[in-house]
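Good morning, and thank you for making time for this presentation. Please have the sequence and the structure open as I speak.

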Amino acid sequence: DITGDVVDGAILTGLITPGRGTVGSFPTTNLSGTTTSTWTASAGSTTVGTGTIEVGNGVVSDTFAISLTAGLPVTVTLQANPPSQTVGDSSALTATVVDQYGNAVANNTGVSFASNIGGPIAPASTTNGIATSSISSTLVGTAFITATSGSASGSATVVFTSGLPFTVTLQANPPSQTVGASSALTATVVD
C-alpha cells in the first residue's frame, strides 16, 4: 500500500506482448504480499524477439522486459549455385538453418559441410540463420553435399562437367610403318 506495508489478498492480472507466449493467472497475494505465476513461451509463441510482461490490478502495475530466442537447429536447407559447374570452378553453397518454428537459429551456430567429391569444404557459422561456403572439384561427376548443424542436415548436388579441351596427345601404334601399311592413331583430349 502507500505506506509500504504488504497487501494480503490483492488480485493481480498479467499481460504479455503479443506473440511472446502466455502469462498464467495469479492467485491472490499471501500474508507476505507475494503471489506467483508462470510465463510460458508456448508453441503459439513463434516469433523471436523482445517484449514485456505487465502485472497489475488496474490501479498500480509493473513491467518486466523479456526475450524469446530461437531454439536448436531442426531444419537445414542447402542450395548450390550454380548446380552444374565445370571442373576447377566453384559453386556457392548456402545453408539456411531454422528452429522448429521456422526462426533463424542464433548467430554463430556451426554448420559443417561434407561431399563425396571435391573440397575440402570449409565449415561456417550462421549469420541470421545463413551459413555459406563453396565447393570445387577437379573430378568429373556429381558431388553429393550435406550440410549439418546439430542433429539437422540438408543436402544438395553439384554436377561437375569437363571443361574445354586444353591438351591433345596423339599416339600412333606402331609409330613406324612400311609403305602401304597402316597404324592406329589414338588422340587423347583432356581439359
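**Pocket, core and loops in a predicted model**

I begin with a single polar contact: a polar atom in the side chain of threonine 35 lies 2.6 Å from the backbone oxygen of proline 27. By polar contact I mean a pair of N or O atoms within 3.5 Å; within protein, one must be able to donate a hydrogen and the other to accept it, and residues adjacent in sequence count only if both atoms are side-chain atoms.

Two remarks on the source are due here. This is a predicted model, in which local features need pLDDT of at least 70 and side-chain atom pairs count only at pLDDT 80 or more, while totals for chains, interfaces and linings use all residues. Residues are numbered from 1 along each chain as its sequence is written, and side-chain values use heavy atoms, with hydrogens and water left out.

Threonine 35 sits in the loop between β2 (22–23) and β3 (39–40). Strands here are DSSP runs of E, at least two residues long, and helices are runs of H or I of at least four residues, numbered from the N terminus. With neighbours within four places in sequence set aside, threonine 35 is in contact with Leu12, Phe26, Pro27, Thr28 and Thr29, where contact means heavy atoms within 4.5 Å.

Let me turn to the largest pocket. Its space comes to about 240 Å³. A pocket is defined on a 1 Å grid over the protein atoms alone: a 1.4 Å probe fits at its points, the set is open, and protein lies on both sides within 12 Å along at least five of seven lines; a cavity is a set from which the probe cannot get out, and lining residues have an atom within 4 Å of a point. Grid points are joined across faces, edges and corners, and the volume is the space filled by probe spheres set on the points.

Which residues are the closest to the centre of the largest pocket? Of the 15 that line the pocket, they are Phe26, Ile53, Val55, Asp62 and Phe64. Both β4 (49–56) and β5 (61–68) supply at least two lining residues, and β5 gives the most, with five. By class, the lining has nine nonpolar, five polar and one charged residues. In this scheme Ala, Val, Leu, Ile, Met, Phe, Trp, Tyr, Cys and Pro are nonpolar, Asp, Glu, Lys and Arg are charged, and the others, Gly among them, are polar.

Next, the largest nonpolar core. A nonpolar core is a set of buried Ala, Val, Leu, Ile, Met, Phe, Trp, Tyr and Cys residues joined through side-chain atoms within 4.5 Å. Buried means under 20% relative accessible area, exposed over 50%, and partly exposed in between, with a 1.4 Å probe and protein chains only. The core has 22 residues, of which Leu78, Leu93, Phe113, Ile135 and Ile145 touch the most other members. At least two core residues come from each of β6 (75–81), β8 (90–98), β9 (110–115), β11 (130–136), β12 (141–149) and β13 (152–161). The largest share, four residues, is that of β13.

Leucine 93, in strand β8, counts as buried because its relative accessibility is 0%. Beyond four places in sequence, its contacts include Leu78, Phe113, Ile121, Ile135 and Ile145. By contrast, consider leucine 185 in strand β15 (residues 184–190): is this residue buried or exposed? At 63% relative accessibility, leucine 185 counts as exposed. Outside its sequence neighbours within four places, leucine 185 is in contact with Leu170, Gln171 and Ala172.

I close with backbone geometry. Most residues other than glycine have a negative phi, and most peptide bonds are trans. Asparagine 108, in the loop between β8 and β9, has a positive phi near 70°. Asparagine 128, in the loop between β10 (124–125) and β11, also has a positive phi, of about 55°. Its backbone nitrogen is reached at 2.6 Å by the side chain of asparagine 107, a residue that is partly exposed, with a relative accessible area of 45%.

Finally, a cis peptide bond joins asparagine 81 and proline 82, with omega about 0°. The bond from asparagine 173 to proline 174 is cis as well, with omega near -5°. Proline 82 lies in the loop between β6 and β7 (84–86), and proline 174 in the loop between β14 (167–173) and β15.
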